Protein chains: 2
Amino acid sequence: MIGRKRRKAKVQPLYQQVATQLRQGIESGHYPVGGPLPTEAMLCADLNISRHTARDALRLLEEAGYVSRRRGVGTYVLSNRPKRAYVQSLGSLDDLLHYAHDTRYEIEGVRRFSAAASDLALLQGKAGDRWIKLTGRRYQLLSDRPFSITVIYLPIRFESALDEIRDHRGAIYALIEERFNVPIARASQELQAVTLSAEEATLLDAKPGDAAMRAIRRYYDTDGKLVEVSWNLYLGRLFTHSSWVDRENRL
Amino acid sequence: MIGRKRRKAKVQPLYQQVATQLRQGIESGHYPVGGPLPTEAMLCADLNISRHTARDALRLLEEAGYVSRRRGVGTYVLSNRPKRAYVQSLGSLDDLLHYAHDTRYEIEGVRRFSAAASDLALLQGKAGDRWIKLTGRRYQLLSDRPFSITVIYLPIRFESALDEIRDHRGAIYALIEERFNVPIARASQELQAVTLSAEEATLLDAKPGDAAMRAIRRYYDTDGKLVEVSWNLYLGRLFTHSSWVDRENRL
DNA sequence: TTCTATTTGTCCGTATGTATC
DNA sequence: TGATACATACGGACAAATAGA
């Protein structure tokens, strides 16, 4: 035999075929959002399949976020676009931030202030909100060389944690989370490539114009209230951000 | 003994009871991480339940990330604690890559080559693997100003797509996905801040030493095989990477 | 309120296919 | 090749939730 291997045509399992058919019906508008899907019994009869097969198909659609199912009511279309096609799973926030655990934060300045209009792009509250601003650098435990300039903004209500923050090892958000019992429910991060100013270069023991990564992170509690904002500057050659996502639904 | 008959008092469904029992067995160490769980047949016999019930229980554990199931192999313990504390949900890979949809890729060079040992850090295969290397720049549709230098590496088996790639609008991985019917199951991205060399600056209509973001992306199919590697360079002031995660389990 | 029809949820039985060792 | 283990698919029965008469 020449060239390519003969390959048995792989047929999709029946319940996946049914799911695909229904999904296409949803996406095409044949089953409008908010409307009902055929009942299990109708699918069995129309497609000449068993109830198990129909249920497995509907389960796929439910897991993918297309439909909701309620006993006694039926199956209804929730959305004509998949809830999420790809998902990144993390064991902790540190995994997102690629956070070096064995570091210490040295505070070099503390200031209380009221947010001005120009601060709102970073701090996202209202003008006049009271904040604490901590400026400092982060060091690896066994090194005298700083690897980041870090500015931390905390709402004034966390003022009483200031003493504990000094020379705290690890992440500040974790300290706040524990000290005030406010679970972090969401975190965001913005990364941008920049070059170092003369002042920044001095602080990082580098040269002006060197590449650096600026990271702005925001932490929110379960009510969506901002718990912490951090502004960080890393030397480019010392900082790589890697992330990945997996496809979640095979529909 | 599991509560078999349903009484007036609300009892958990049987398959959930079985799942709970197995989960506790995992968390207690009775089923160690990496070890096997009882097979479906054993569960049926030991607990005097049907295969469906056993499968439903195991499905719950799989969806929760406790176990992996492989036909012909068995059910094995993946983790003794809930899968993921934080999750990032994306509708598409474009959302991860912050991909500008209205762009075109202009190819300025095509080369076929065999991977050398020095290429393996980027291409991750074996030395000697055959690749196609496309060099070019990406433009916004209505602009003559390039916004990225993009080098794309494709396994030689996708050679026949070369013609379609030329001047293709949008992402190359989507083209490959459709053209060869290889769904992208996973994608990874590495970001690092760098400064532009003289040559790069010329290509991007910028100045040498300007800040730039280097993005290396890899796309894998369902078998974990590498489908595409792309190497990109963006002007720092034109590129911000933002991401967020949500806590998934409220415990 | 009560009753009934409808719809999904749970549970069982059985058979065959497919991947792996 | 055979044995094992999960995947798919058929069948039936009853329970629980809901909506409407």
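Which base atom of DNA strand D lies 2.9 Å from a polar side-chain atom of Arg51(B)? Keep that question in mind as you open the viewer, and remember along the way that this is a predicted model.

**Stop 1: chain A as a whole**

Start by selecting chain A and showing it as a cartoon. You should find eight helices and ten strands there. The radius of gyration of chain A is 26 Å, well over the 18 Å that the globule rule gives for 251 residues, so chain A is more spread out than a compact globule. Turn it slowly: the C-alpha trace spans about 75 × 60 × 30 Å along its principal axes. If you colour by accessibility, 46% of the 251 residues of chain A count as buried.

**Stop 2: DNA strand D**

Now select DNA strand D and show the residues around it. There are 26 of them, and the ones that come nearest are Leu14(A), His52(A), Thr53(A), Arg71(A) and Arg71(B). Zoom in on Leu14(A), where a backbone N or O atom lies 2.4 Å from a phosphate oxygen of the strand.

Next, select Arg51(B) to settle the opening question: one of its polar side-chain atoms lies 2.9 Å from a base nitrogen of DNA strand D. Then move to Arg69(B), which has a polar side-chain atom 3.0 Å from a phosphate oxygen of DNA strand D. To see where such residues come from, highlight the elements that give two or more residues to this surface. In chain A they are helix H1 (14-27) and helix H3 (51-63), and in chain B they are helix H3 (51-63), strand S1 (67-70) and strand S2 (74-77).

Try colouring the surface near DNA strand D by residue type: it divides into six nonpolar, ten polar and ten charged residues. Then look from the DNA side. Of the strand D atoms within 4 Å of the protein, 71% belong to sugar or phosphate, and the rest belong to bases.

**Stop 3: aromatic rings**

Show the aromatic side chains next. Over all chains, the structure holds ten aromatic pairs. Begin with Phe113(A) and Tyr153(A): the ring centres are 6.1 Å apart and the planes stand at 70°, so this pair is edge-to-face. Phe113(A) sits in strand S4 (residues 103-114) and Tyr153(A) in strand S6 (residues 146-155) of chain A, so the pair links distant parts of the chain, 40 residues apart. Both Phe113(A) and Tyr153(A) are buried.

Switch to chain B and select Phe113(B) and Tyr153(B). Their ring centres are 6.1 Å apart with the planes at 75°, so this pair is edge-to-face. Phe113(B) lies in strand S4 (residues 103-114) and Tyr153(B) in strand S6 (residues 146-155) of chain B, so the pair ties together parts that are 40 residues apart in sequence. Phe113(B) is buried at a relative accessible area of 9%, and Tyr153(B) is buried at 10%.

Back in chain A, select Phe147(A), Tyr234(A) and Phe239(A), which ring pairs link into a cluster.

**Stop 4: a charge over a ring**

Select Arg179(A) and Phe180(A). Here the arginine lies over the face of the phenylalanine, 5.0 Å from the ring centre. In chain B, the charged end of Arg179(B) sits over the ring of Phe180(B), 5.0 Å from its centre.

**Stop 5: helix H7 of chain B and what follows**

Stay in chain B and select helix H7 (residues 172-179). Its buried residues are Ile172(B), Tyr173(B), Leu175(B), Ile176(B) and Glu177(B). Just after H7, Asn181(B) takes a positive phi of about 55°. What makes that worth a look? Most residues other than glycine have a negative phi. Asn181(B) is in the loop between H7 and strand S7 (184-195) of chain B, and at 63% relative accessibility it counts as exposed.

For another positive phi in a residue other than glycine, select Asp205(B), where the value is near 60°. Asp205(B) is in the loop between helix H8 (198-204) and S8 of chain B.

**Stop 6: two residues in strands of chain B**

Buried or exposed: how does Met213(B) count? Select it in strand S8 (residues 211-221) of chain B. Met213(B) is buried, with a relative accessible area of 0%.

Finish at Trp244(B) in strand S10 (residues 240-247) of chain B. Trp244(B) is partly exposed, with a relative accessible area of 27%. Add Ser89(B) to the selection: the C-alpha atoms of Trp244(B) and Ser89(B) are separated by 8.8 Å, although the two residues are 155 residues apart along the chain.

Notes: Residues are numbered from 1 along each chain as its sequence is written. Chains are lettered from A and ligands numbered from 1 in the order in which they are written. This is a predicted model: local features need pLDDT of at least 70, side-chain atom pairs count only at pLDDT 80 or more; totals for chains, interfaces and linings use all residues. Side-chain values use heavy atoms; hydrogens and water are left out. Rings of Phe, Tyr and Trp (its six-membered ring) pair if their centres lie within 6.5 Å; planes under 30 degrees apart count as stacked, over 60 as edge-to-face and the rest as tilted. Helices (H or I, at least four residues) and strands (E, at least two) are DSSP runs, numbered from the N terminus. Buried means under 20% relative accessible area, exposed over 50%, partly exposed in between (1.4 Å probe, protein chains only). A charge sits over a ring if NZ of Lys or CZ of Arg is within 6 Å of the ring centre and within 35 degrees of the ring normal. A residue is near a molecule or strand if one of its heavy atoms lies within 4 Å of it. A polar contact is a pair of N or O atoms within 3.5 Å; within protein, one must be able to donate a hydrogen and the other to accept it, and residues adjacent in sequence count only if both atoms are side-chain atoms. Ala, Val, Leu, Ile, Met, Phe, Trp, Tyr, Cys and Pro count as nonpolar, Asp, Glu, Lys and Arg as charged, and the others, Gly among them, as polar. The radius of gyration is taken over C-alpha atoms; the globule rule is 2.2 Å times the number of residues to the power 0.38.
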